[in-house]
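Take a look at the model below before reading on. The walk-through starts with the chain as a whole, then turns to its interior and its surface.

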Amino acid sequence: MSILKKIVGYIEVALSIYTFVITLIEEQYGGGNGDAKKREAMAKIKEVVQKAQDEGRIPGWLAWLLSFDSLLSFAIDIIVAVLNKLGVFEHQGNESGVPSNV
C-alpha cells in the first residue's frame with residue numbers, strides 16, 4: 001500500500017472517531033455548556049484513539065498526535081462548526097435540524 005493511501009486512511013479514521021464522538025456528546029447533552037461538552041468529547045476521543053491503537057488499527061505515533069490537546073481542540077471546533085452549518089445539531093429555534101438559511 002502506498003504511503004499516500006495509508007495517510008488518507010489514517011485521516012479517515014481520525015475524522016470518523018472525532019465526528020462520531022462529537023455527535024454522541026451533542027446527542028447526549030443537547031444544548032448546554034459548550035466548554036463542558038468539548039472537555040468530555042476530548043476525554044472520550046482520547047479513550048477511543050487509545051483503543052484503536054491497542055487494537056492495531058492505528059500506530060502509536062498517530063494515536064499520540066490524535067490525542068494532542070491543541071489538535072483535538074482545533075479539530076473539535078472545526079467539526080462542530082461544519083456540523084452546525086449543515087444543520088446536523090438541533091438548536092433552540094431550529095428543532096427540525098434543517099439549516100435556518102434554507
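Buried residues account for 28% of the 102 residues in the protein chain. The model is a predicted one. Its protein chain holds 4 helices and 0 strands. Read from the N terminus, the order of elements is α-α-α-α. Contacts also say something about the fold. Take those in the protein chain between residues at least 6 apart in sequence: 55% of them join residues at least 24 apart.

Now go inside. The largest nonpolar core contains 21 residues. Y18, I45, V49, I58 and L66 are the ones with the most contacts inside this core. Which helices supply at least two residues each? Helix 1 (3-29), helix 2, helix 3 (60-66) and helix 4 (69-85) each do so. Helix 1 gives the largest share of the core, with 6 residues.

I58 is a good place to zoom in. Set aside its neighbours within four places in sequence. I58 is then in contact with Y10, V13, V49, A52, Q53, A63 and L66. Two of these partners, V49 and L66, appear with I58 among the core residues that have the most contacts inside the core.

A charged residue comes next. K37 sits in helix 2, which spans residues 34-54. Is K37 buried or exposed? Its relative accessible area is 14%. The cut-off for buried is under 20%, so K37 counts as buried. The side chain of K37 also has a partner: a polar contact of 2.8 Å joins it to the side chain of E26.

Turn to the outside. The accessible surface of the protein chain is about 6900 Å². Carbon and sulfur atoms own 61% of that surface. One nonpolar surface patch covers about 1000 Å². W61, W64, L65, F68, L71, F74, I78, V82, L86 and V88 make up this patch. Helix 3 and helix 4 are the elements that give two or more residues to the nonpolar patch. Helix 4 provides the largest share, 4 residues. Helix 3 and helix 4 also each supply at least two residues of the largest nonpolar core.

Finish with one patch member, L86. Where does L86 lie? It is found in the segment after helix 4. The relative accessibility of L86 is 54%. Exposed means over 50%, so L86 counts as exposed. K37, at 14%, is buried, whereas L86, at 54%, is exposed.

Note on methods
Residues are numbered from 1 along each chain as its sequence is written. This is a predicted model: local features need pLDDT of at least 70, side-chain atom pairs count only at pLDDT 80 or more; totals for chains, interfaces and linings use all residues. Side-chain values use heavy atoms; hydrogens and water are left out. Buried means under 20% relative accessible area, exposed over 50%, partly exposed in between (1.4 Å probe, protein chains only). A polar contact is a pair of N or O atoms within 3.5 Å; within protein, one must be able to donate a hydrogen and the other to accept it, and residues adjacent in sequence count only if both atoms are side-chain atoms. A nonpolar core is a set of buried Ala, Val, Leu, Ile, Met, Phe, Trp, Tyr and Cys residues joined through side-chain atoms within 4.5 Å. Contact means heavy atoms within 4.5 Å. Patches are made of residues with over 30% relative accessible area and no salt bridge: like charges are joined within 9 Å, nonpolar side chains (Val, Leu, Ile, Met, Phe, Trp, Tyr) within 5 Å. Accessible areas come from the Shrake-Rupley method with a 1.4 Å probe; for residues, only the protein chains shown count as cover. A salt bridge is a side-chain nitrogen of Lys or Arg within 4 Å of a carboxyl oxygen of Asp or Glu.
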